[in-house]
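This briefing covers selected backbone features and the packing of one helix. Please keep the sequence and the model at hand while reading.

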Amino acid sequence: MAVSSCSCPSRLFNVYSSFECRSDPDFSGASIGDKPRVGSTRRVTSSFFCTGGGICGGGLSSLIFRFPPNFVRQLSVKARRNCSNIGVAQIVAASWSNGAPSGSPSSAAAAAQAAAAAATVPVADDVAVVEGCNNNGSVQIGGSDNSRTSFLSSDGSITVHAGERLGRGIVTDAITTPVVNTSAYFFKKSQELIDFKEKRHTSFEYGRYGNPTTVVMEEKISALEGAESTVIMASGMCASTVMLMALVPAGGHLVTTTDCYRKTRIFIETILPKMGISATVIDPADVDGLEAALNNNKVSLFFTESPTNPFLRCVDIEKVSKLCHSKGAIVCIDGTFATPLNQKALTLGADLVLHSATKFLGGHNDVLAGCISGSEKLVTEIRTLHHVLGGTLNPNAAYLIIRGMKTLHLRVQQQNSTALRMAKVLEAHPRVRRVYYPGLPSHPEHELAKQQMTGFGGVVSFEVDGDLTTTIKFIDALKIPYIAPSFGGCESIVDQPAIMSYWDLSQAERRKYGIEDNLVRFSFGVEDFEDLKADVLQALESI
């Protein structure tokens, strides 16, 4: 990705005339999506330097300058706080006059001319060189190259470093990713705007179309999912609805499953029919039903959660993907309950994987977000509609997701362990009728879950031995979890779906969806297992 930046007055650099630059901005003018080619031992050929006295277009030197480590600390407080395309990048982009008279080449430019005469110039190991130079003189903010994280062998390392440590597209020496708060991106001259419209210049242009902070989040998730591209939206529900509208044409047909998030079902049943879109609803394990739907309809999309909400049913992703692809249908898996650490839907054959990043990815119950990952082609289709509809994630929210993901592997490990142990405790308790958890042998898709998941997640659903009132008494007796409509955070959360999600329906209507009055959904946080166990047991004893 790339954004425009302004040129600063050359006098800003007179104070630092003896400084060398350690920065590695991208002067290539590469198109959106291109990655800067960076290396620590590259040799710069004469083609690296631009013509015109060593100055590119508006006076931008083609040298890779070196600044001392304390350079950023010597900038104004405002520039340091906005250490991004609005801060350091603008200063790096400015003319380096070094006090030279107007119209005469600076000492840096003279050095560039001298260097250009040589066939090759060795580059020190600590200098990252970005090849190419953009004639319009603007600093381009490039995306990171996920292939450069290939030496990281674990998802835990990827969640910490992908999109940041090895190629963050924001020029800064800050460890954490800066938040770029801007609603729009300016063009220096009308010609630059024309160049942008005719694809000779790159820019986000407007806040709804992109943001450097948000791009870091997208690339981190892409690296974790093994995806070509990721698009971020304001919530998981926003991601689901935009994806459905983008991939299912008017008058089209889709297939989904009985057990799913209720708001998704409402959208499929009440909103999509207004566009002439119909749906077949099958049991998560009904592969024959899926095949029949594919044979009897022109199916564009199969969309399901795996595991599902709230009964944690699992879909054979590899099998349904092969079946759908044989009929030309796209497969999108909502992997929110699984997380990318426990399940790699794209590796199993799905075309797209969707997450409510509000849940485990964010992990702190303090932000809403959604994401869709997959091939560049499909994600671009979704992104194009997203740019029209809106639902843009605020960059401050993107920062919270980026921060939250750094501890994702630690949190999920703890939640996997606690949930599995608690599921076994609950299943053995006389006041619990039934437990729904894919890690238990009693779960209908337990063997499948063992094949396609490396962990079974942090949520356990179960039925208390009692009615609505008894279950309310149990929940109200709990001391640790919050009664709330979410899951996946550090704090444990519990809810009674009959009240939390289906209270507007009668008991008979709720039962059509399998929602009994005694059903409990428990999202285990990162609290100590023994504390949670003691709390659940004392609450069960109270009934």
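The points below concern a predicted model and are grouped by topic. Most residues other than glycine have a negative phi, and most peptide bonds are trans. The backbone items listed here depart from that pattern.

**Packing of helix 8**
- Helix 8 spans residues 262-271, and its buried residues are Arg 262, Thr 264, Arg 265, Phe 267 and Ile 268.
- These buried residues pack against helix 7 (236-247) and against three strands: strand 6 (253-257), strand 7 (278-282) and strand 8 (299-305).

**Cis peptide bonds**
- Ser 306 and Pro 307 are joined by a cis peptide bond with omega of about -5 degrees.
- Pro 307 lies in the loop between strand 8 and helix 10 (317-326).
- A cis bond also runs from Asn 309 to Pro 310, where omega is near 5 degrees.
- Pro 310 is likewise placed in the loop between strand 8 and helix 10.

**Positive phi at non-glycine residues**
- Glu 205 is not a glycine, yet its phi is positive, at about 70 degrees.
- The loop between helix 5 (190-197) and helix 6 (212-225) holds Glu 205.
- Glu 205 counts as partly exposed because its relative accessibility is 23%, and the partly exposed class lies between under 20% (buried) and over 50% (exposed).
- Thr 339, also not a glycine, has a positive phi of about 70 degrees.
- Thr 339 belongs to helix 11, residues 339-342.
- With a relative accessibility of 2%, Thr 339 counts as buried, since buried means under 20%.

Notes:
Residues are numbered from 1 along each chain as its sequence is written. This is a predicted model: local features need pLDDT of at least 70, side-chain atom pairs count only at pLDDT 80 or more; totals for chains, interfaces and linings use all residues. Side-chain values use heavy atoms; hydrogens and water are left out. Buried means under 20% relative accessible area, exposed over 50%, partly exposed in between (1.4 Å probe, protein chains only). Helices (H or I, at least four residues) and strands (E, at least two) are DSSP runs, numbered from the N terminus. Contact means heavy atoms within 4.5 Å.
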